[in-house]
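Me: I have some questions about how the labels on this model are justified. Please keep the answers short.

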Amino acid sequence: MQFLKLMLMVGVLGLGATHLLSHATSGKHVANSKSGFVPVVMPDGADFNEVLVIGPDCNTARGKRTRSLAAKLAEAGIPHRRTESIGFTNPSDIAGMMRLNEVMQQDAPIVLVRGQGKGNPSVEEVIALYRPSKR
């Protein structure tokens with residue numbers, strides 16, 4: 001009898017987790033963000049004061065966009081770091097990880113700025129987020 005209760009609890013928890021995860025990845029975060037940037041979990045080693053540009057280092061269109069964005073950020077004096085991969089030791093913000101996963105499905109380059117992420121943003125969008133205007 002105890003075993004059946006335990007299995008029932010595990011099943012209910014599993015269904016609840018599946019329900020939450022399906023809503024977390026539904027695309028609503030990107031659609032609701034005015035700039036397209038959404039709150040995400042920053043990877044290990046990310047510096048709050050630099051823009052993280054994630055994309056391939058090759059001659060494909062994605063690689064060329066990644067290099068171009070990084071070059072334009074350098075011209076604008078925006079501290080940035082290019083990488084082809086990111087990692088996490090022990091993320092605790094599951095919703096933030098789900099939003100990051102959603103962003104990572106977008107076209108390259110993926111840009112992370114101070115806890116916000118977006119796929120293939122313009123340099124103007126990145127600069128506006130990095131240096132918000134003082135109104």
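Me: What is the mean pLDDT of the protein?

Reply: This is a predicted model. Its mean pLDDT is 81, and 73% of the residues reach 70 or more. Residues 3-32 fall below 50. Beyond near neighbours in sequence, that stretch has 17 contacts in the model. Where pLDDT is low, the coordinates should not be read in detail.

Me: How do you know that the span of helix H3 agrees with its number of residues?

Reply: H3 covers residues 61-75, which is 15 residues. At 1.5 Å a residue, the expected span is 21 Å. The end C-alpha atoms lie 21 Å apart, so the two values agree.

Me: What puts the buried residues of H3 on the same side?

Reply: Gly63, Thr66, Leu69, Ala70 and Leu73 are buried, each under 20% relative accessible area. They cover an arc of only 130 degrees around the axis, so they share one side of H3. Their cover includes strands S2 (51-54), S3 (80-83) and S4 (110-113), and helix H5 (123-130).

Me: Why is the set with Phe37 and Tyr130 called a nonpolar core?

Reply: A core needs buried nonpolar residues joined through side-chain atoms within 4.5 Å. Eleven residues form this one, the largest: Phe37, Val51, Val53, Leu69, Leu73, Ile78, Val111, Val113, Val123, Val126 and Tyr130. S2, H3, S4 and H5 each give two or more residues. H5 gives the most, with three.

Me: What makes up the second core?

Reply: The second core is separate and has eight residues, including Leu52, Ile54, Leu100 and Ile110.

Methods: Residues are numbered from 1 along each chain as its sequence is written. This is a predicted model: local features need pLDDT of at least 70, side-chain atom pairs count only at pLDDT 80 or more; totals for chains, interfaces and linings use all residues. Side-chain values use heavy atoms; hydrogens and water are left out. Helices (H or I, at least four residues) and strands (E, at least two) are DSSP runs, numbered from the N terminus. The expected span of a helix is 1.5 Å times one less than its number of residues. Buried means under 20% relative accessible area, exposed over 50%, partly exposed in between (1.4 Å probe, protein chains only). The arc is that of the directions from the helix axis to the C-beta atoms. Contact means heavy atoms within 4.5 Å. pLDDT is the predictor's confidence in each residue, from 0 to 100.
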